[in-house]
Amino acid sequence: MKNVFDPLLHWGRYGEIINEMGTKLIGFAPHIAPKAYINVIYAPLKDAGIVELENRLERGLPVQYKKFLTCSNGLMIFSGSMRVFGLVPLSRTADIHIYNYPSNVIVPNESARIKGIIDSDFVVGYYAEDGSYAVIDGNGGVFRILPQSNDIDREKWASFNDWLSSEILRLDKSYTENNAAHFN
């Protein structure tokens, strides 16, 4: 799973830090904001965090997503273009800063459940470009859905890993092409 993150790491040549929460901030981007980073890889969840998440959701997690959480408790990549949700624990050790905790996976799977998805579906990500969500279906495949239209996007992937690796590559290429002037 960790090699899925490799395309994010080359941005480290513009600066990289690990904060007090263990979050890896990659690609310092002061042209966006004084403390902005292009890619954020949140620290992995420990077993207790995974148990807390499953207990709060009152369900098991999709296998590949659960494995992902042991490598990273979520992502915010390419200046927020795409987010992979993670756990915001009930007992927090730091303030709710964007670099301390990921976007909360509980919200789209509980309190703000997307209309048009079924009980076995599990929302794992968000795209800023169009407001669509990435959803793992009951068979482990991933699809995109636009909540306002309830239409499943034509994009589908065989697995969480296929989705994540292909989208990181696609967004890396797009971000590089559209933002090259800021990093020369």
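This report describes a predicted model, taking in turn one strand and its partners, a buried serine, the salt bridges and two unusual backbone angles.

## Strand β6 and its partners

Strand β6 spans residues 122-127, and because five of its six residues are buried, the strand is largely enclosed by the rest of the structure. One of its partners is strand β5 (residues 82-84), which runs antiparallel to β6 and is joined to it by three bridges; within this pairing, arginine 83 has tyrosine 126 of β6 as its bridge partner.

Strand β7 (residues 133-136) also pairs with β6 in the antiparallel sense, here over four bridges, and glycine 125 stands opposite alanine 134 of β7. The two strands β6 and β7 form a hairpin with five residues between them, where glycine 131 takes a positive phi near 75°.

## Serine 132 in the hairpin loop

Serine 132 lies in the loop between β6 and β7, and with a relative accessibility of 0% this residue counts as buried. Its side chain takes part in two polar contacts with other side chains: that of aspartate 130 is reached at 2.7 Å, and that of arginine 144 at 2.9 Å.

When neighbours within four places in sequence are left aside, the residues in contact with serine 132 are Gly125, Tyr126, Tyr127, Arg144, Ile145, Leu146 and Pro147. Gly125 and Tyr126 in this list have also appeared above, since glycine 125 stands opposite alanine 134 and tyrosine 126 is the bridge partner of arginine 83.

## Salt bridges

Side chains of opposite charge can pair when their charged atoms come close. In this model the count of salt bridges comes to nine. One of them joins the side chains of glutamate 16 and lysine 24, with an N to O distance of 3.5 Å; glutamate 16 is partly exposed, at a relative accessible area of 39%, and lysine 24 likewise counts as partly exposed, at 25%.

Helix α5 (residues 160-179) contains both arginine 170 and glutamate 167, which are three residues apart, or about one turn of the helix, and whose side chains meet in a salt bridge at 2.9 Å, N to O. The surroundings of the two partners differ in accessibility, for arginine 170 counts as partly exposed at 32%, whereas glutamate 167 is buried, with a relative accessible area of 2%. In the same helix, lysine 173 and glutamate 177 are four residues apart and therefore separated by about one helical turn; their side chains meet in a salt bridge of 3.8 Å, N to O, and both residues are exposed. Through salt bridges that share partners, Glu129, Asp130, Arg144, Glu155, Glu167 and Arg170 are joined into one network.

## Positive phi outside glycine

Most residues other than glycine have a negative phi. Glutamate 58 has a positive phi of about 55° although it is not a glycine; this glutamate is found in the loop between α2 (47-57) and α3 (63-69), and it is exposed, with a relative accessible area of 72%.

Serine 79 likewise has a positive phi, near 55°, in a residue other than glycine. The position of serine 79 is in the loop between β4 (75-77) and β5, and at 36% relative accessibility this serine counts as partly exposed.

How values were computed
Residues are numbered from 1 along each chain as its sequence is written. This is a predicted model: local features need pLDDT of at least 70, side-chain atom pairs count only at pLDDT 80 or more; totals for chains, interfaces and linings use all residues. Side-chain values use heavy atoms; hydrogens and water are left out. Buried means under 20% relative accessible area, exposed over 50%, partly exposed in between (1.4 Å probe, protein chains only). Two strands pair if DSSP finds at least two bridges between them. A salt bridge is a side-chain nitrogen of Lys or Arg within 4 Å of a carboxyl oxygen of Asp or Glu. A polar contact is a pair of N or O atoms within 3.5 Å; within protein, one must be able to donate a hydrogen and the other to accept it, and residues adjacent in sequence count only if both atoms are side-chain atoms. Contact means heavy atoms within 4.5 Å.
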